[in-house]
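Visitor: I should like to go through this model one question at a time. Please show me the sequence and the structure first.

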Amino acid sequence: MTSYPSGSSDPRLTFTHPPHLSGSTLHLTGVRSILGRDPGCDIRLDDPYVSGTHAALSRSGRYVVLEDLGSANGTQVNNEPLQSPWTLQNGDVLTVGNVSIRYDDPDGTPQRGRAGEGTALMPVVNRVPVVNRAPRFDVGQQHGAHINNVGGHQYIDQRRESFLQQIAAARTRAKRLILLGLAIFTSGFAYFAWGILRFMGRIGEPIPDDPDKWPTPEDVLGTQINGIPVFLFGWAAALLGIFLMVIGLVMHIVTASRRRSYEVAASRRY
């Protein structure tokens with residue numbers, strides 16, 4: 001990637017959101033920098049709401065022009081949707097996905113607005129290997145929302161935050177499943193126990209001498225559905241409750257194990 005000589009007067013990008021990236025700064029030294037989620041982007045934003053190649057920053061002298069590259073969720077400047085290439089001014093805030101970045105130019109910038117005829121936009125080219133291209137460094141897998149500026153390639157990684165959110169959501173689902181299973185088990189077992197106690201009480205009663213007064217199966221076993229005593233459905237509900245509790249417990253154990261494994265691997269990496 002063609003670049004300008006690095007200096008203190010270079011335009012900068014200062015991250016303002018999410019909070020764990022707030023204050024992080026990147027210098028714009030390239031003629032054209034691509035922002036996106038793809039590994040080949042010059043400024044990589046590992047955010048699920050950012051497209052593979054989301055937006056581009058083109059620098060021509062003191063001018064820096066922002067353009068959206070047909071992203072799925074669009075690009076905003078100062079909370080306004082970007083409809084066409086925009087010449088940035090000192091203090092402008094651009095938003096891609098969940099990431100907000102303030103544009104800082106120590107020397108100030110000309111009047112902002114849509115890119116005029118005097119501003120040259122660098123053409124988009126296919127990303128294919130070419131001779132004498134700027135060196136690319138493989139910085140490996142990233143965790144913990146760190147920013148890396150190795151060989152001019154910035155990489156912002158929000159994988160850890162996303163992973164922990166998924167773990168928290170899975171643990172919440174597991175707890176709800178356990179509570180639901182416990183409620184179903186308690187209700188079903190209580191109804192089943194009532195039916196058993198009723199059955200034992202009826203068979204303990206003396207049998208009348210008159211056959212016409214003998215108790216019917218329904219009197220002994222209670223209400224039936226297709227010949228099946230209703231209280232047996234309570235037993236089935238109790239079994240269902242146990243099944244749900246086991247599934248919730250397994251989910252809880254698996255999520256806790258995944259989090260511990262991740263934290264151990266992260267501690268070894270850093």
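**Loops, strands and helices**

Visitor: Where does Asn-79 lie?

Guide: This is a predicted model, in which local features need pLDDT of at least 70 and side-chain atom pairs count only at pLDDT 80 or more, whereas totals for chains, interfaces and linings use all residues. Residues are numbered from 1 along each chain as its sequence is written, and side-chain values use heavy atoms, with hydrogens and water left out. Helices (H or I, at least four residues) and strands (E, at least two) are DSSP runs numbered from the N terminus. In these terms, Asn-79 lies in the loop between strand 7 and strand 8.

Visitor: Does Asn-79 count as buried or exposed?

Guide: Buried means under 20% relative accessible area, exposed means over 50%, and partly exposed lies in between (1.4 Å probe, protein chains only). The relative accessibility of Asn-79 is 63%, so Asn-79 counts as exposed.

Visitor: What is the phi of Asn-78?

Guide: Asn-78 is found in the loop between strand 7 (75–77) and strand 8, and its relative accessibility of 33% makes it partly exposed. Most residues other than glycine have a negative phi. Asn-78 is not a glycine, although its phi is positive, at about 55 degrees.

Visitor: Which residues does a cis peptide bond join, with omega of about 5 degrees?

Guide: Most peptide bonds are trans. Here one partner of the cis bond, Pro-18, has its place in the loop between strand 1 and strand 2. With omega at about 5 degrees, the cis peptide bond joins His-17 and Pro-18.

Visitor: Which residue in strand 11 is the bridge partner of His-17?

Guide: Strands pair if DSSP finds at least two bridges between them. Strand 1 and strand 11 pair in the antiparallel sense over five bridges, and one pairing along strand 11 is that of Leu-13 with Tyr-103. The bridge partner of His-17 in strand 11 is Ser-100.

Visitor: Which strands stand at the edges of the open sheet?

Guide: The open sheet has six strands in the order 2-1-11-10-7-8, with antiparallel pairing. An edge strand has a single partner strand, so one side of it is left without a neighbour in the sheet. The strands in that position are strand 2 (25–27) and strand 8 (80–81).

Visitor: In the hairpin of strand 10 and strand 11, which residue takes a positive phi near 60 degrees?

Guide: Strand 10 and strand 11 run antiparallel and are joined by four bridges; in one pairing, Thr-95 has Ser-100 as its partner in strand 11. Two residues lie between the strands of the hairpin, where a positive phi near 60 degrees is taken by Gly-97.

Visitor: Which strand gives the most to the largest nonpolar core?

Guide: A nonpolar core is a set of buried Ala, Val, Leu, Ile, Met, Phe, Trp, Tyr and Cys residues joined through side-chain atoms within 4.5 Å. The largest has 21 residues, of which Leu-45, Leu-57, Leu-66 and Leu-88 touch the most other members. Strands that each supply at least two residues include strand 1 (12–17), strand 5 (55–60) and strand 6 (63–68). With three residues, the strand that gives the most is strand 11.

Visitor: How many residues of strand 11 are buried?

Guide: Strand 11 spans residues 99–104. It is mostly covered, and of its six residues the number buried is five.

Visitor: Is the aromatic pair of Phe-185 and Phe-189 stacked or edge-to-face?

Guide: Rings of Phe, Tyr and Trp (its six-membered ring) pair if their centres lie within 6.5 Å; planes under 30 degrees apart count as stacked, over 60 as edge-to-face and the rest as tilted. A search of the whole structure finds three aromatic pairs. Phe-185 and Phe-189, at 5.8 Å centre to centre and with 20 degrees between the planes, form a pair that is stacked. Both residues lie in helix 1 (residues 159–203), four residues apart, about one turn of the helix.

Visitor: Which residues does Phe-189 touch, not counting those up to four places away in sequence?

Guide: Phe-189 is partly exposed because its relative accessibility is 39%. Its C-alpha atom and that of Leu-239, 50 residues apart along the chain, are separated by 8.7 Å. By contact (heavy atoms within 4.5 Å), Phe-189 touches Gly-234, Trp-235 and Ala-238.

Visitor: How far apart are the end C-alpha atoms of residues 230–254?

Guide: UniProt, in an unreviewed entry, places the feature "transmembrane region" at residues 177–197 and 230–254; such annotations may be inferred rather than shown by experiment. Residues 177–197 are 100% helix, with end C-alpha atoms 30 Å apart. Residues 230–254 are 96% helix and 0% strand, and the separation of their end C-alpha atoms is 37 Å.
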